[in-house]
Amino acid sequence: MNKIGIAFVLFLVYSGLNAGTFEVLADEDSPIVGGFEKKDEKKAWRDPKVKKLIKFGLEEVHKRDNQHLKLFAIKLISYETQVVAGTNHRFVLDCRLPKSKRMFHVTIVVYERCWENHIELLHYEIAEYMYLSLIHI
């Protein structure tokens, strides 16, 4: 047997002996491949692109749900992204109606393909949950 053959056999034997010793180390906070990845809400709230996506999503909710339900975001509760054939942006927001004390908890998912300048609202949920007058500061 030549030197290359011996080296190959030794490699196979060594690989076989160590096959069970390698572990895949993953951080608990690392995103699941294909799943949503959490983003920093405070940084996102200041990002003009994120503000544009939120505004678009809320305007689409206004068009689809109720012409009288024009919501304004007052706080970004959570922001997550998911890479697909583009990007899904999932926002959970505290919103209110103009000149009203009614508060709403709103979840919107906005799909974006930035290279085609395409944005669409995929999903939304609205829940009225409090009046501002109930908040004691």
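Thr-107 falls in strand 4, which runs over residues 102-113. In this predicted model, Thr-107 comes out at a relative accessible area of 15%, and it counts as buried because that value lies under the 20% cut-off. Leaving aside residues up to four places away in sequence, Thr-107 touches Arg-90, Phe-91 and Val-92, and also His-123, Tyr-124 and Glu-125.

Two of those contacts, Arg-90 and Phe-91, turn up again when the rings are looked at. As for aromatic pairs, the count stops at 1. That pair is Tyr-79 with Phe-91, and it is stacked, with 4.8 Å from centre to centre and just 5° between the planes. The pair ties together distant parts of the chain: Tyr-79 belongs to strand 2 (residues 72-84) and Phe-91 to strand 3 (residues 86-96), with the two 12 residues apart. Tyr-79 and Phe-91 are both buried. So Phe-91, besides being touched by Thr-107, is also a partner in the stack with Tyr-79.

Arg-90, for its part, has a ring of its own to deal with: its charged end sits over the ring of Phe-36, at 3.7 Å from the ring centre. Arg-90 is also among the residues that Thr-107 touches.

Further along, the backbone does something a little out of the ordinary at Asn-117, where phi is positive, at about 55°, although the residue is not a glycine. Asn-117 lies in the loop between strand 4 and strand 5, the latter spanning 118-131. Its relative accessibility is 65%, so Asn-117 counts as exposed, the cut-off being over 50%. Thr-107 in strand 4, by contrast, is buried.

Notes. Residues numbered from 1 in each chain as written. Predicted model: local features only at pLDDT ≥ 70, side-chain atom pairs only at ≥ 80, totals over all residues. Heavy atoms only, no water. Helix = DSSP H or I, 4+ residues; strand = E, 2+ residues; numbered from the N terminus. Buried < 20%, exposed > 50% of the residue type's maximum accessible area, 1.4 Å probe, protein only. Contact = heavy atoms within 4.5 Å. Phe/Tyr/Trp six-rings, centres within 6.5 Å; stacked < 30°, edge-to-face > 60°. Lys NZ or Arg CZ within 6 Å of the ring centre and 35° of its normal.
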